[in-house]
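Q: Please take a close look at one sheet, and say how its parts are paired and what packs on them. I am new to this structure, so define the terms as you go.

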Amino acid sequence: MTRLEQVYNEKVVPELLKEYGYSSSMEIPKLTKISLNIGLGEASQNSKLIEPAVKELTAIAGQKAVVTLAKKSIAQFKLREGMPVGTRVTLRGDAMWDFYDKLVSFALPRVRDFRGIPDRGFDGRGNFTMGIKEHTIFPELDIDRVELVKGMNVTVCTSAKTDKESKTLLDLLGMPFKK
């Protein structure tokens with residue numbers, strides 16, 4: 001059991017039970033998965049950008065990243081079906097808890113002029129998506145070896161039914177939302 005999972009079981013679950021009064025322990029919201037995505041639109045022109053992006057995302061996530069391919073051809077972007085356009089990884093279980101802990105404890109505080117994450121990234125079903133402008137905030141990456149600074153999306157999927165429950169869950173797990 002990871003450190004953050006222990007915090008969830010000992011502190012977050014009783015707090016959620018007290019606040020929302022769930023009748024069953026299965027109703028209590030929890031993290032189900034975290035998806036990381038780096039989109040590389042310029043990779044359609046320069047295929048040498050894919051390999052470093054996969055290595056960097058693999059280092060960040062601790063799990064092998066896969067290359068995403070274009071589903072459609074779009075002439076204006078010089079994009080053909082099947083061309084690489086990004087990389088992604090989905091984390092579950094202990095890897096998910098470890099990444100969330102690292103994101104909240106180490107990575108986000110390293111963002112320059114950080115004042116909190118806006119809470120407008122909820123999708124109406126309890127999932128939260130946020131964008132990170134520089135993937136170099138993660139301590140696993142050696143900034144001197146990174147050729148191109150990339151942005152990435154982080155989607156935290158929860159079992160919460162509403163955005164309010166999900167925001168409370170993420171708040172209790174340490175997500176630094178803007179006040």
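**The sheet and its helices**

A: Six-bridge pairing is a good place to begin: strand 1 and strand 3 are antiparallel and are joined over 6 bridges. Two strands count as paired if DSSP finds at least two bridges between them. Strands (E, at least two residues) and helices (H or I, at least four) are DSSP runs, numbered from the N terminus. The model is a predicted one, in which local features need pLDDT of at least 70 and side-chain atom pairs count only at pLDDT 80 or more, while totals for chains, interfaces and linings use all residues. Residues are numbered from 1 along each chain as its sequence is written, and side-chain values use heavy atoms, with hydrogens and water left out.

Within the pairing of strand 1 with strand 3, N37 has R88 as its bridge partner. Strand 1 (residues 31-39) is also joined to strand 5 (residues 152-158), by 6 bridges and again antiparallel. Here I34 is bridged to V156, and K33 stands opposite C157. In a regular strand, side chains alternate between the two faces of the sheet.

The open sheet has 5 strands in the order 2-3-1-5-4, with antiparallel pairing. Strand 2 (66-69) and strand 4 (128-132) are the edge strands, each pairing on one side only. On average, neighbouring strands are turned by 25 degrees against each other, direction ignored. Helix 3 packs on this sheet and touches strand 1, strand 3 (84-91), strand 4 and strand 5; the directions of helix 3 and strand 1 make about 65 degrees. Contact means heavy atoms within 4.5 Å. Axes are lines fitted to C-alpha atoms, for helices over the stretch in contact, and angles run from 0 to 180 degrees between N-to-C directions. Helix 4 (residues 163-172) lies across strand 1, strand 4 and strand 5, at about 110 degrees to strand 5.

One residue of helix 3 (residues 93-107) is D101. D101 counts as buried because its relative accessibility is 17%; buried means under 20% relative accessible area, exposed over 50%, and partly exposed in between (1.4 Å probe, protein chains only). Leaving aside residues up to four places away in sequence, D101 touches R3, L4 and F106.

An unreviewed UniProt entry lists residues 84-177 as "domain: Large ribosomal subunit protein uL5 C-terminal". Over residues 84-177, the chain is 27% helix and 21% strand, with the end C-alpha atoms 34 Å apart.

Note on methods
UniProt positions are given in the numbering used here, feature names are shortened, and annotations may be inferred rather than shown by experiment.
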